[in-house]
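Student: I have a new structure open and would like to go through it with you. Can we take it piece by piece?

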Amino acid sequence: MTDQEKILWDRLADIHRRVQWMADEEARSAWVNGQAAQGALMPQKMELIDEAEKVLGRIEAMNDA
C-alpha cells in the first residue's frame, strides 16, 4: 500500500466515524424530537457521503493503474 492509498483509507475511516456519530445523534435526538431527528445533520452527512464516493473512486483508479 502506498502512502497515498493509506491517506485515502484513513480519510474513509474518518468519514465513517463522523457519519456513524451523526446516525447515533439522530437516534438519540429522536427520543426528544430534537433537531438532528428532523434532518439538521442531513446536508453535512450527504457531503461526507459524496466525499467518500470520490475517495473510493480515487482508490479504485490507483488500483487499476
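Student: Let's start at the beginning of the chain. Is Thr2 buried, partly exposed or exposed?

Tutor: Thr2 counts as partly exposed, because its relative accessibility is 40%. Keep in mind that this is a predicted model. Thr2 sits in the segment before α1.

Student: And how far is Thr2 from Gly39, C-alpha to C-alpha?

Tutor: Their C-alpha atoms are separated by 38 Å. Along the chain, Thr2 and Gly39 are 37 residues apart.

Student: Ok, helices. Which residues make up α1, and is Trp9 in there? Where does Trp9 sit?

Tutor: Helix α1 covers residues 3–30, and Trp9 is found in this helix.

Student: Buried or exposed, that Trp9?

Tutor: In between: Trp9 counts as partly exposed, because its relative accessibility is 41%. Trp9 also belongs to a nonpolar patch on the surface.

Student: Which other residues are in the patch?

Tutor: Met1 and Leu56 form the patch with Trp9. Together they have about 350 Å² of accessible area.

Student: Now α2. Which residues does it span, and at what angle does it pack with α1?

Tutor: Helix α2 spans residues 42–64. The two helices pack at an angle of about 155°, and their axes are 10 Å apart.

Student: So parallel or antiparallel?

Tutor: Roughly antiparallel, because of that angle between α1 and α2. The cut-off for that description is over 145 degrees.

Student: Why give both an angle and a distance?

Tutor: Because two packed helices are described by the angle between their axes and the distance between the axes.

Student: Left-handed or right-handed crossing?

Tutor: Left-handed, for the way α1 passes α2.

Student: What about the loop between them? Which phi does Asn33 have?

Tutor: Asn33 is found in the loop between α1 and α2. Its phi is near 55°, which is a positive value in a residue other than glycine.

Student: Why point out a positive phi?

Tutor: Because most residues other than glycine have a negative phi.

Student: Is Asn33 buried or exposed?

Tutor: Asn33 counts as exposed, because its relative accessibility is 55%.

Student: Switching topic: how many salt bridges are there?

Tutor: The count comes to 5 salt bridges. One of them is between Glu51 and Arg11, whose closest N and O atoms are 2.7 Å apart. This pair links distant parts of the chain, with Glu51 in helix α2 and Arg11 in helix α1, 40 residues apart.

Student: Why would those side chains pair up at all?

Tutor: Because side chains of opposite charge can pair when their charged atoms come close.

Student: Are Glu51 and Arg11 buried or exposed?

Tutor: Neither of those two. Glu51 counts as partly exposed because its relative accessibility is 28%, and Arg11 counts as partly exposed because its value is 29%.

Student: Which residue does Glu26 pair with?

Tutor: Glu26 meets Lys45 in a salt bridge, at 2.7 Å from N to O. This pair also links distant parts of the chain: Glu26 is in helix α1 and Lys45 is in helix α2, 19 residues apart.

Student: And are Glu26 and Lys45 buried or exposed?

Tutor: Glu26 counts as buried because its relative accessibility is 17%. Lys45 counts as buried too, because its relative accessibility is 11%. The cut-off for buried is under 20%.

Student: What does Glu25 do, next door? Which residue is its partner?

Tutor: Glu25 forms a salt bridge with Arg28, and their closest N and O atoms are 2.7 Å apart. Both lie in helix α1, 3 residues apart, which is about one turn of the helix. Glu25 is partly exposed, because its relative accessible area is 24%. Arg28 counts as partly exposed because its relative accessibility is 44%.

Student: Two leftovers. Where is His16, and how far is it from Glu60?

Tutor: His16 lies in helix α1. It is exposed, because its relative accessible area is 52%. The C-alpha atoms of His16 and Glu60 are separated by 18 Å, and the two residues are 44 residues apart along the chain.

Student: Last one: where is Ala61, and how far is it from Asp50?

Tutor: Ala61 is found in helix α2, and it is partly exposed because its relative accessible area is 46%. Ala61 and Asp50 are 17 Å apart in space, C-alpha to C-alpha, and 11 residues apart in sequence.

Definitions and conventions:
Residues numbered from 1 in each chain as written. Predicted model: local features only at pLDDT ≥ 70, side-chain atom pairs only at ≥ 80, totals over all residues. Heavy atoms only, no water. Patch = residues over 30% accessible without salt bridge, like charges linked within 9 Å, V, L, I, M, F, W, Y side chains within 5 Å. Areas by Shrake-Rupley, 256 points an atom, 1.4 Å probe, with all protein chains shown as cover. Salt bridge = Lys/Arg side-chain N within 4 Å of Asp/Glu carboxyl O. Helix = DSSP H or I, 4+ residues; strand = E, 2+ residues; numbered from the N terminus. Buried < 20%, exposed > 50% of the residue type's maximum accessible area, 1.4 Å probe, protein only. Axes fitted to C-alpha atoms, helices over the stretch in contact; angles between N-to-C directions. Parallel < 35°, antiparallel > 145°, perpendicular 65-115°, else oblique. Left-handed = near helix turned anticlockwise from the far one by under 90°.
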